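Student: Could we go through this model together, from its overall fold down to single residues? I would like each answer to be reasoned out before the value or name is given.

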Amino acid sequence: MLPYLVTIAIMIGIYGLLTLGLNLQYGYTGLINFGHVAFFAIGAYTSALISLAGYPIALGMAAGTVLAFLAAYPLGLLCLRLRADYLAIVTLSFSEIIRTVLISEEWLTEGTQGLPGIPKPFSSLSQGNADLAYLALVATAMLVAILLMWRLSHSPFGRLIRAVRDDEDAVRAVGKDPAQLKIKTLMLGAALAGLAGAFYAHYVGYISPDQFLPLVTFYAWIALIMGGAGTITGAIVGSSLLLFILEGSRFLRDVVPFVSEVQMASLRLAVIGLGLVLFMLYRPQGLIPDRSQS
């Protein structure tokens with residue numbers, strides 16, 4: 001039972017980092033990013049390829065984070081003048097472009113076969129101890145990300161990006177450029193997604209393009225909506241609740257044994273969808289609402 005709980009805790013940490021990045025983009029700045037999984041994939045593949053080449057895992061994780069950060073810059077430039085709905089479409093298309101590249105560039109990514117044998121930190125320890133050490137590493141990264149986001153949210157930059165979310169014209173009136181603030185926020189959120197992807201790759205030990213579908217982005221959105229956009233605690237609580245629903249729904253087979261495995265996958269999505277609908281109806285602000293908008 002303990003190994004299973006450790007696995008769940010690690011995945012909560014990984015999705016927590018992913019959701020924190022989305023929260024910075026949407027909850028703080030109002031950017032509707034439907035392609036968040038692209039940066040998750042960039043971080044995962046970059047870190048995996050560098051470590052498989054024989055370089056230190058820490059270098060791969062750092063490179064994955066930095067490359068995801070840099071990849072958001074040209075996307076931000078393209079999206080500067082787009083309305084929210086067009087921004088959502090362009091970012092979604094960007095994530096599919098990245099996935100197509102991962103499939104087609106077989107010389108580098110092995111295409112649909114994926115990358116097996118990705119090194120895992122603490123491999124010299126026993127399986128149980130290695131997982132506990134990895135959990136400590138993910139938890140430390142999560143804590144650092146939370147502290148940095150808290151500092152950012154209470155800084156002049158944090159107040160500016162909230163102002164961009166609420167009223168861009170007011171930001172321009174005080175001589176600030178909302179476009180540059182949006183690009184910076186997109187890049188910072190992408191860096192967190194890249195770090196989450198690096199942690200994911202080294203934990204599961206195998207990655208393929210099918211693991212980076214748009215569904216991952218919408219899982220992050222579900223976590224953010226349930227927890228509460230614009231709050232750090234909401235992103236963490238929402239990620240925990242999402243993993244609870246995802247894992248808890250696995251046991252539905254015990255309640256409805258006449259449902260096949262294929263039907264069970266659809267039923268799990270239906271349970272998640274129902275939970276999201278109920279949240280939007282009865283708790284649209286999430287479990288932990290953003291007090292700055294009250």
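The questions and answers below move from the whole chain to its core and then to chosen residues.

Tutor: The model is a predicted one, in which local features need pLDDT of at least 70, side-chain atom pairs count only at pLDDT 80 or more, and totals for chains, interfaces and linings use all residues. Residues are numbered from 1 along each chain as its sequence is written, and side-chain values use heavy atoms, with hydrogens and water left out.

Student: How many helices and how many strands are there in the protein?

Tutor: Helices (H or I, at least four residues) and strands (E, at least two) are taken as DSSP runs and numbered from the N terminus. Read along the sequence, the pattern is α-α-α-α-α-α-α-α-α-α-α-α-α. The count is therefore 13 helices and 0 strands.

Student: What radius of gyration does the protein have, set against the globule rule for 294 residues?

Tutor: The radius is taken over C-alpha atoms, and the globule rule is 2.2 Å times the number of residues to the power 0.38. For 294 residues the rule gives 19 Å, and the protein comes close to this, so it is as compact as a globular protein of that length. The C-alpha atoms fill a box of roughly 60 × 45 × 35 Å along the principal axes. The radius of gyration asked for is 19 Å.

Student: Among contacts between residues at least 6 apart in sequence, what percentage joins residues at least 24 apart?

Tutor: A contact here means heavy atoms within 4.5 Å. Among the contacts between residues at least 6 apart in sequence, the share that joins residues at least 24 apart is 77%.

Student: What percentage of the 294 residues is buried?

Tutor: Buried means under 20% relative accessible area, exposed over 50%, and partly exposed in between, with a 1.4 Å probe and protein chains only. The accessible surface of the protein, from the Shrake-Rupley method with a 1.4 Å probe, comes to about 14200 Å², of which 68% belongs to carbon and sulfur atoms. Of the 294 residues, the buried share is 48%.

Student: Which helix gives the largest share of the largest nonpolar core?

Tutor: A nonpolar core is a set of buried Ala, Val, Leu, Ile, Met, Phe, Trp, Tyr and Cys residues joined through side-chain atoms within 4.5 Å. The largest one has 76 residues, of which Phe39, Phe40, Phe199, Ile207 and Phe212 touch the most other members. The largest share of this core, 14 residues, comes from helix H9 (residues 178-204).

Student: Which residues does phenylalanine 40 touch, not counting those up to four places away in sequence?

Tutor: Phenylalanine 40 is one of the five core residues that touch the most other members. Leaving out residues up to four places away in sequence, phenylalanine 40 touches Ile14, Leu18, Ala193, Ala196, Gly197, Tyr200, Phe212 and Val216.

Student: Is threonine 91 buried or exposed?

Tutor: Threonine 91 lies in helix H4 (residues 84-104), and beyond its neighbours within four places in sequence it is in contact with Ile32, Asn33, Phe34, Gly35 and Leu75. With a relative accessible area of 2%, threonine 91 is buried.

Student: How far apart in space, C-alpha to C-alpha, are glycine 238 and threonine 19?

Tutor: Glycine 238 lies in helix H11 (residues 232-248) and is buried, with a relative accessible area of 0%. Its contacts, leaving aside neighbours within four places in sequence, are with Ala223, Met226 and Gly227. Although glycine 238 and threonine 19 are 219 residues apart in sequence, their C-alpha atoms are separated in space by 8.4 Å.

Student: With which residues is valine 164 in contact, leaving aside its neighbours within four places in sequence?

Tutor: Valine 164 lies in helix H7 (residues 156-166) and is buried, with a relative accessible area of 4%. Leaving aside neighbours within four places in sequence, valine 164 is in contact with Thr29, Val171, Pro178, Leu181 and Lys182.

Student: What phi does glutamate 110 have, although it is not a glycine?

Tutor: Glutamate 110 is placed in the loop between helix H5 (106-109) and helix H6 (127-153), and at 38% relative accessibility it counts as partly exposed. Phenylalanine 122 is found in the loop between H5 and H6, and its phi, near 65 degrees, is also positive in a residue other than glycine. For glutamate 110, phi is positive, at about 65 degrees.
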